[in-house]
Amino acid sequence: MYLGKMEILENEPLAPYAYTQAGGPADFLAQPETIEELRSLLNWAQERELPIFAFGRLSNIVVRNGGLKGLVILLSNLKTIEQIDATTIRAQAGCDLIWAANQALAWHLSGLEWGAGIPGSVGGAVFMNAGAYGGQADMVVQQVRALMPDGQLVTFTKDQLAFGYRQSVFQDNGGVIVSADFALKPADPALIQAQMDENNYRRASKQPLNYPSNGSVFKRPVGHFAGKLIMDAGLQGSRRGGVEVSKKHAGFMVNVDRGNGNDYEDLIHHVQATIKAQDGLDLETEVRIMGER
C-alpha cells in the first residue's frame, strides 16, 4: 500500500534489515525520506491505534521470531549531514555514525573518533547514548530534534536529554529522533585520522567482525567486565540454534548458522543464568529484546 508516494510494506521480514540478520516480520514497515513523510506515518499509525517502532539501522535490537505488531519505521533515508558553524555539525537520525565521524574528519573537527567503527546510526547512538574507546554521545551531543507523538517537532537541549549509561530521555518520552547537533573541536586531521585508525585496529583485532552481531550484548556490571565474566565461566562457543557466544570476544553473540531472534534471546538467558549462578551477578542487556515469541 502507499501513503502518498511512500510505500508501506505489509508483513515484512526484518532479518534482511538487521545487523544480526535475524528477526521476525513487521506488520507494517516504511522508510520515510522527509520529516513530513515521517509525520504522516506517525499520524497514519495513530489513526489505526498501531504501536510505533522507529529504528535507524536495527543495530542494537533483537527481534523475536513473532516479529513486531504495529508500524516499523526505518530512518535510514533520513541521512543528510551538514556543517552549521565552525565547530558544529548536524546529522539526521539515519546517518551512519561511521559516515558522521568521517565527515567530521573531512571538516577537520575532532570529537567523533570513537564512532568511526560503530555500525549504527546517529539516532541510535543518541537513543542509547552509545560510546566506545573513551568517547560517548553525551560528550559531544549539543541538541537533538525529535518528532513527538502529537506531531510537534521539538528541540531538546543537552540538559533535557537525561543522558545516562546507555540511557536517554527518548527511551521514555515516545519521541522519534530526527537529527542531532554535535559540538566538536578543530584539530589536525592527521591526528584525528590516527586516532580513528587506532580505534578501528583495536576493534578489528578483538571483535568478531566476520559474523552478523549486535556488538556488545551486555552492559558493564559495576566493578566487572561482562566479557571477562562470560569468558571465565567457560561460555565461549556456547550455542542456541545458530547463535553462538563468540570465541573471539566473549561479550559478543554472533549469527554463525542462520540463527533467529529466539536463538539470540535463549542464549542471552543462558548466559545470564550461568553468571548469576556462578558469580551472583545480574547481567543487564545492552541490546533491546523486542517482539512476539
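Helix 1 (residues 35-47) lies across strand 4, strand 5 and strand 7 in this predicted model, and the helix runs at about 170° to strand 7. Those strands belong to an open sheet of 4 strands, ordered 3-4-7-5 with mixed pairing. Who sits at the edges? Strand 3 (9-13) and strand 5 (52-55) do, each with a single partner strand, so one side of each has no neighbour in the sheet. Going from strand to neighbouring strand, the average turn is 40°, direction ignored.

Inside that sheet, strand 4 (residues 25-30) and strand 7 (residues 68-74) pair in the parallel sense, with 4 bridges between them. If you want a spot to look at, F28 stands opposite L71 in strand 7.

Next, a hairpin. Strand 13 (residues 141-147) and strand 14 run antiparallel and are joined by 5 bridges. Here A146 stands opposite V154 in strand 14. The hairpin has 5 residues between its strands, and G151 takes a positive phi near 90°.

Strand 14 (153-157) also leads into a loop worth a look. S168 lies in that loop, between strand 14 and helix 4 (170-173). Is S168 buried or exposed? With a relative accessible area of 3%, S168 is buried, because the cut-off for that is under 20%. A polar atom of the S168 side chain lies 2.8 Å from the backbone oxygen of F127. Leaving aside residues up to four places away in sequence, S168 touches V126, F127, L161, A162 and F163. F127 thus appears both in that list of contacts and as the owner of the backbone oxygen.

Now for helix 5 (residues 189-206). This helix has 18 residues and reaches 26 Å from first C-alpha to last, close to the 26 Å expected at 1.5 Å a residue. Which of its residues are buried? I192, M196, N199 and R203 are. Seen down the axis of helix 5, the buried residues fall within an arc of 65°, so they line one face of the helix. On the other side, L191 and Y201 are exposed. The cover over the buried residues includes helix 2 (97-106), strand 10 (109-110) and strand 11 (131-132). At the start of helix 5 there's a polar contact too: a side-chain oxygen of D188 comes to within 2.9 Å of the backbone nitrogen of A190.

Finally, some backbone angles. Most residues other than glycine have a negative phi. N11 and R258 go the other way, and here they are side by side.

| Residue | Phi | Place | Relative accessibility |
|---|---|---|---|
| N11 | near 50° | strand 3 | 55% |
| R258 | near 55° | loop between strand 20 (252-255) and helix 7 (261-279) | 73% |

N11 counts as exposed at 55% because the cut-off is over 50%, and R258 counts as exposed at 73%. N11 sits in strand 3, one of the edge strands of the open sheet. R258, by contrast, is in a loop, the one between strand 20 and helix 7.

Definitions and conventions
Residues are numbered from 1 along each chain as its sequence is written. This is a predicted model: local features need pLDDT of at least 70, side-chain atom pairs count only at pLDDT 80 or more; totals for chains, interfaces and linings use all residues. Side-chain values use heavy atoms; hydrogens and water are left out. Helices (H or I, at least four residues) and strands (E, at least two) are DSSP runs, numbered from the N terminus. The expected span of a helix is 1.5 Å times one less than its number of residues. Buried means under 20% relative accessible area, exposed over 50%, partly exposed in between (1.4 Å probe, protein chains only). The arc is that of the directions from the helix axis to the C-beta atoms. Contact means heavy atoms within 4.5 Å. A polar contact is a pair of N or O atoms within 3.5 Å; within protein, one must be able to donate a hydrogen and the other to accept it, and residues adjacent in sequence count only if both atoms are side-chain atoms. Two strands pair if DSSP finds at least two bridges between them. Axes are lines fitted to C-alpha atoms, for helices over the stretch in contact, and angles run from 0 to 180 degrees between N-to-C directions.
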